[in-house]
Amino acid sequence: MMNSYFLLIVCALSFFGFSQRFIQGSVHDEQGMPLAEVLVTASPAESITHTDAKGYFRFHVLSAQTLTFSLEGYAPFVLVAAVGDKVSISLQPYGFEDDPYQNAQLNIINLSDDELNDENDALDNISGLLQSTEDVFLRTAAFEFSTSFFRVRGLDSDHGTVMINGLPMNKLYNGRPQWSNWGGLNDVLRNRELSSGIRPSDYLVGGILGTTNINTRASDYGKGGRLTLSFSDRSYNYRALASYASGQLKKGWSAAIALGNRWGGSGYQNGTFYDAQSLLLSIEKQWLSHNLNATLIATPNRRGKSSPNTQEVYDVKGIKYNEYWGVQSGKARNSRVKRIVEPMLMFNHKWVVSPKTTLRTNIGFQFGAVGNSRLDFPGGANPSPAYYQKLPSYFLTQSNGADYEGAYRHEQEFRTNGQLDWNRLYDANLNTKNAAYVLYEDRNDDMQLSANTIVRTALNDNIVLIASVLHRSLNSENFAEILDLLGAKGYVNVDPYNGFQFDVNNPDRMAGVGDKIRYHYSLDVSTNEASSIVHFTYPKISGFLAGSYSTTQYQREGKNKHEAYPDTSFGKSKKLTFGGGTLKGGLTYNIKDRHWLQANTALLSRAPSLRNSFSNPRETNAVVGEQAQRPLNMERIFAADVNYIFRSPHLNARLTGFYTHIQDAIEISFFFAEGIGGDTSSFVQEIVQGIVKRHQGVEFGIEGQITPSLKLKGAVALGNYSYANNPKIYLTSDDFGYRDFGTAKMKNIRLASGPQEAYSVGVEFRENYWWFGLTANYFDHTYLDVSPINRTQNFLLDRDGLPFPNYDSEQARVLLQQEKFDSYLVANLVVGKSWRIEKRFVGAFLSVNNLLNQNYRTGGYEQSRNANYNELYEEVTAEKRRFGPKYWYGRGTTFFLNTYIRF
């Protein structure tokens, strides 16, 4: 039905004429002299031309193109150009390509590598990192704003798509790209095709936050090699990368390889070691109108995590403090290590059927494991040095009065030591049958298949049709595995808090190193999608129409029979099946030579993510909403933007207004809570359904070439991202089963999506192979993530189900007021130099972030431990809070030094 709809549109548009449209321009050297015989390639049009004696070139095209300029002795240059653009390009001699502003992709990838030190996707700001183009706003968002958790249009990264060779890389579990799967391969991941915002790519209709396709075809790498060595104090301390490409060899063969390593004993946060290796191997064969490419990417990595902390902890230990590590045998050891080993192998075939038609077929396999280690303490006290019962606030809030002596003594102990005591854990396990402490790893072992076929054909001089089909399937095995018994003899697989058997089929099982414990289940996913995209171009107007339909199927299979859920934990769940679609449209109108108006809109209906489909998959087959007798709905999205664009040789600007409405979103959280219906404490799963979110705002970017060497730039993001309704909420727990808490009063509360206002001004200077850049960035309207359970009717109810006698609605409003963080200013500096030494090219650049060494909060969340009025009031009015919000702080002054030699 949808394909028929688009066919009718195509037929209708074909009656409108056949006007020729071009991208054209000139290429010159750094002195302004024209360069002849420059190879210019346009993608996705698959066109090739050379500049003439005056440096001039021209393409007849039907849509925006990624242009690549190549000439022996000069650094390649990549530019995204729209239909009708007239561009002027200055090529720099080899060695200049590492100018961060001449090739912004280098810094963007460096930053995405660097900013991966997250906890539970805390740094989801990476949504914008791979969308930098010639657009100054997106480039600023990628390079300047990202370290402050900034999210483009306030959206999570699952609304954008990252592809490699036309295959989506976003995880089927949560919809987000896992950057570590290709981290550390900077020098060989620069070939990119980009679409921003709502606009589709030539591979995928996509979401509402753009798409990025990374191309690893061996023949697209220029012949030569490169050695890179980097130094930093951010996530890793050292990076080494060697790469070489053969260029096109005889009989149509090409090859490229890259080997890299990133390592360090500690990043900016204490105890966050880094150990990551990287490999890319690409081999291509071309014959007649065909080429076949095989790519292997393997990036095994391990890194120590860092903890969010309460302000009480930061006040004593500083913003570099990390509770997860301690010294063992003279060496730092982190208890929470993220380990990723997920190599991918893909085969990509391209067939140029005719000058107007191209057929691509891609297939990819990915397999391996992701592990997150942590300590369990079935027979001991909580080993965390920052556990609330070890901090001064605990002693100052005793029911029988403040214990000042205990508070002082524990503050001094925490200040002096305050790290994990590994020796104590080993001592506690001596002469015990069952481990008091054990180190285990939460694991998911995945096997994924992806395949698609994409046909692109020019129906006439004005209309291009792109049609594709995509299949993805996943089998994910999930379990906990013992890594280290810490000197104990074994681990009894029983829940120490309530005595439930983790597996009734194997009661009281004694487990050792390498054994599965606690939970074990598998998830199966299958998705299929068909899509069509039509691009049309006429003298004054161009645009697109796009649509897709997809089916998604989920199923869980429990391998353990949990005692708390004897009927729903073991065996296969029912199959969850969803069908959804996307419709998009966009128009660009050329007001006059350098002025454009553009409007884009989209309607999406997409399946809930696998993560948000099962309420507690570690223990039960229960589907989200099932216990509350509410349906698990598709997520519905409406998005629109309107743009004014100005382009000229010396000034470029874009002003955008945008609006996004997201309906039937789901949020699931896990935590300990007190005051839930009179229970002292329970570990709960909090499921919030039917969430409506509203994202609206303005983007503005401008840059001007004041002189051939001096450029000024600026960017502004003004947003309002908030909850737009009062969603439904219920809790589940091993202790009490299921409880419905009705609605949570969330309407108009701001989303915790990073700064909702951001401003940047900067200057760039380049001359005589030197480059320099300085930017000042101001951030405001960053908010704390709130606790939904504290905004339900339960908050004001006593154990008897009646309101607290002392309940004060005005005081409750103050207690529940969302925290807004202080605004802050961050200044960044970059400086670099390149040299040509005979036939080799040497360069270096240094970036320094947060020059003024500002302390600022970038994110955080309310703890839901005190879930009623009386407990929260007593906590807030105490001398120190026991369960205050946990925060993330930005880094102080840090540096990144990159050196290279190219041959």
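Which residue caps the N-terminal end of helix H3? The residue is Asp135, as the first of the following close-up views of a predicted model sets out.

**View 1. Helix H3 and the cap at its N-terminal end.** A side-chain oxygen of Asp135 lies 3.0 Å from the backbone nitrogen of Phe137 and so caps the helix in the sense of a polar contact, for which the cut-off is 3.5 Å. Helix H3 spans residues 136–145 and is mostly covered, with ten of its ten residues buried. The buried residues include Val136, Phe137, Leu138 and Ala141. Arg139 and Glu144 of H3 are buried as well.

**View 2. An open sheet of three strands.** The strands follow the order S4-S1-S7, and their pairing is mixed. Strand S4 (56–60) and strand S7 (86–90) form the edges, each pairing on one side only. From one strand to the next, the twist averages 20°. Strand S1, residues 22–28, pairs with S4 in the antiparallel sense over five bridges. Within this pairing, Ile23 stands opposite Phe59 of S4. In general, the strands of a sheet pair through backbone hydrogen bonds, in either a parallel or an antiparallel manner.

**View 3. Strand S12 and its pairing with S13 and S45.** Strand S12 (residues 224–232) and strand S13 (residues 238–245) are antiparallel and are paired over eight bridges. A hairpin of five residues leads from S12 to S13. Leu227 stands opposite Ala242 in S13. S12 is also joined by seven bridges to strand S45 (residues 894–902), and these two strands run antiparallel. In that pairing, Thr228 stands opposite Tyr900 of S45.

**View 4. A nonpolar surface patch.** The patch covers about 820 Å², and among the residues that make it are Leu227, Tyr244, Trp253, Ile283 and Phe903. Leu227 thus appears here as well as in the preceding view, where this residue stands opposite Ala242. Strand S14 (253–264) and strand S15 (274–287) each supply at least two residues of the patch. The largest share, three residues, comes from S14. Ile283 has its place in strand S15. Because its relative accessibility is 38%, Ile283 counts as partly exposed.

**View 5. The surroundings of Asn452.** Asn452 is found in strand S24, which comprises residues 438–458. Asn452 counts as buried because its relative accessibility is 5%, and the cut-off for a buried residue is under 20%. A polar atom of the Asn452 side chain lies 2.8 Å from the backbone oxygen of Gly166. The side chain of Asn452 is also joined to that of Asn362 by a polar contact of 2.9 Å.

**View 6. Pro383 in a loop.** The loop that holds Pro383 lies between strand S23 (357–376) and helix H5 (392–396). With a relative accessible area of 7%, Pro383 is buried. Pro383 and Gln419 are 36 residues apart in sequence, and their C-alpha atoms are 9.7 Å apart in space.

Note on methods
Residues numbered from 1 in each chain as written. Predicted model: local features only at pLDDT ≥ 70, side-chain atom pairs only at ≥ 80, totals over all residues. Heavy atoms only, no water. Pairing = 2+ DSSP bridges. Helix = DSSP H or I, 4+ residues; strand = E, 2+ residues; numbered from the N terminus. Axes fitted to C-alpha atoms, helices over the stretch in contact; angles between N-to-C directions. Buried < 20%, exposed > 50% of the residue type's maximum accessible area, 1.4 Å probe, protein only. Polar contact = N/O pair within 3.5 Å; in protein donor to acceptor, adjacent residues only side chain to side chain. Patch = residues over 30% accessible without salt bridge, like charges linked within 9 Å, V, L, I, M, F, W, Y side chains within 5 Å. Areas by Shrake-Rupley, 256 points an atom, 1.4 Å probe, with all protein chains shown as cover. Salt bridge = Lys/Arg side-chain N within 4 Å of Asp/Glu carboxyl O.
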